[in-house]
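Thanks, everyone, for making the time this morning. I would like to walk through one model with you, and I will put the sequence and the structure up before I say anything about them.

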Amino acid sequence: MSSSSSVRVVTTNSESDSSDLSTTSTFSASTASSDEPKRKRKISNSNKIEDNSASSTKKGKLKRSQISDKKDEKTKKKNRSSRKTKVKEEENNVSVKTEDEEAMRLKKMTDACGTILECIGEDPTREGLIKTPERWAKALLFLTSGYCKTVKEVTNAAIFQEQHSEMVVVRDIDIHSLCEHHMLPFSGKIHVGYIPNGKVIGLSKIARIAEVFSRRLQVQERLTREIAEAIVEAVNPLGVGVLIESKHFCMVMRGVEKCSASTSSSSMRGVFRKSSEVRAEFFSIINNNRLI
C-alpha cells in the first residue's frame, strides 16, 4: 500500500515538471514570437538608415561633381573668352601696325615721286601735278599687290575631290604686269591646262593664281613657271601646261620700238612635258576649236 502511494507521488511530480517545462517552452516561444516583428522592424529601419545614408552620400558626391563640372566649364569658357580676346587684340594690333606701315610706305613713295618730277624738269606744285605723286604711289602699290598675297589665300580651299581624268583648259586670261628691268607694263593672255589626279580646282582660282604672280615686278619666263608650279602645288595633277602671249612696252615705247612684236613662253609639267600627244592636244584647244 505504502509503495503504491509512493509511486503515485512520483508520477504526480513528474507530470508537474512536464507541465512546468511545457509552460516555460510555451512562454519562451510566445516571447520570441512577439519579439520577432520588433527585430525585423529594427533591421528594416537600420537598412533604411543605411540606404538613406548611402543615397545621401551619392547625392552629395553627385552634387559636388556637378559643381566641380560647372566650375570647370566656367573656367574653360573664361579661358576661351580670354584667348578670343587676345587673338582679337593681336589682330587689331597687326591691323593697326599694317595700316601704319602702309601709310608710311605711301608717304615715302609720294615724296619720292615728287623728287622724280623735279628731276625730270617738272614743277610738282603746279595744279595738274599736285596730287600726282600720291596717285602714282597708290597705283604702283596696286600693280604690285601680289607681294601681299599667297596662293593659299586666293584659292580659299576651293579644291574638290573629283574623278575627272581628261584635260581641263582655261584660256584667254588677261594679265597685266610690270617688267622688272624698266618697270614698264607688259600685257597679254595666259592659257592654263591640266589633267586632274583625283582633285580639281575652282576655275576662277586659276585666274586668281595668275593675278598673284602677275601683280609683281616680273619677267615673263619666271611668271610662266611660277603659275605652273602653283597649280602643281595646289592639286598635284598628272600634268600642267601654261602658255603666255604678251606685248612688252619696254620694246614698244622705247628701245627697239617694235609695236608688232609679241612674246610667247610656256612651262610644262608631268605628262605635258613627257607626252607630245598631250602637248599637241593642249595647243590645239588653245589655237582651234573656239566655240565661244
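Before I turn to the pocket, a word on naming: helices, of at least four residues, and strands, of at least two, are DSSP runs numbered from the N terminus. Please also keep in mind that this is a predicted model, in which the protein chain averages a pLDDT of 83, with 72% of the residues scoring at least 70. Over residues 1–16, however, the pLDDT is below 50, and that stretch has 0 contacts in the model beyond near neighbours in sequence.

Let me start with the largest pocket, whose volume is about 170 Å³. Its lining consists of Glu102, Arg105, Met109, Leu140, Leu141, Thr144, Ser145, Tyr147 and Cys148, and by character these divide into 5 nonpolar, 2 polar and 2 charged residues. Helix H1, which spans 2–119, and helix H2, which spans 132–143, each supply at least two residues of that lining, and the largest share, 3 residues, comes from H1.

The other place I would like to show you is Val219, in the loop between strand E5 (217–218) and helix H5 (220–235). Is Val219 buried or exposed? With a relative accessible area of 16%, Val219 falls under the 20% cut-off and therefore counts as buried. Leaving aside neighbours within four places in sequence, Val219 is in contact with Glu180 and His181, while the C-alpha atoms of Val219 and Leu178, 41 residues apart along the chain, are separated by 8.1 Å.

Terms used. Residues are numbered from 1 along each chain as its sequence is written. This is a predicted model: local features need pLDDT of at least 70, side-chain atom pairs count only at pLDDT 80 or more; totals for chains, interfaces and linings use all residues. Side-chain values use heavy atoms; hydrogens and water are left out. On a 1 Å grid over the protein atoms alone, a cavity is a set of points where a 1.4 Å probe fits but cannot get out, and a pocket is an open set with protein on both sides within 12 Å along at least five of seven lines; lining residues have an atom within 4 Å of a point. Grid points are joined across faces, edges and corners, and a volume is the space filled by probe spheres set on the points. Ala, Val, Leu, Ile, Met, Phe, Trp, Tyr, Cys and Pro count as nonpolar, Asp, Glu, Lys and Arg as charged, and the others, Gly among them, as polar. Buried means under 20% relative accessible area, exposed over 50%, partly exposed in between (1.4 Å probe, protein chains only). Contact means heavy atoms within 4.5 Å. pLDDT is the predictor's confidence in each residue, from 0 to 100.
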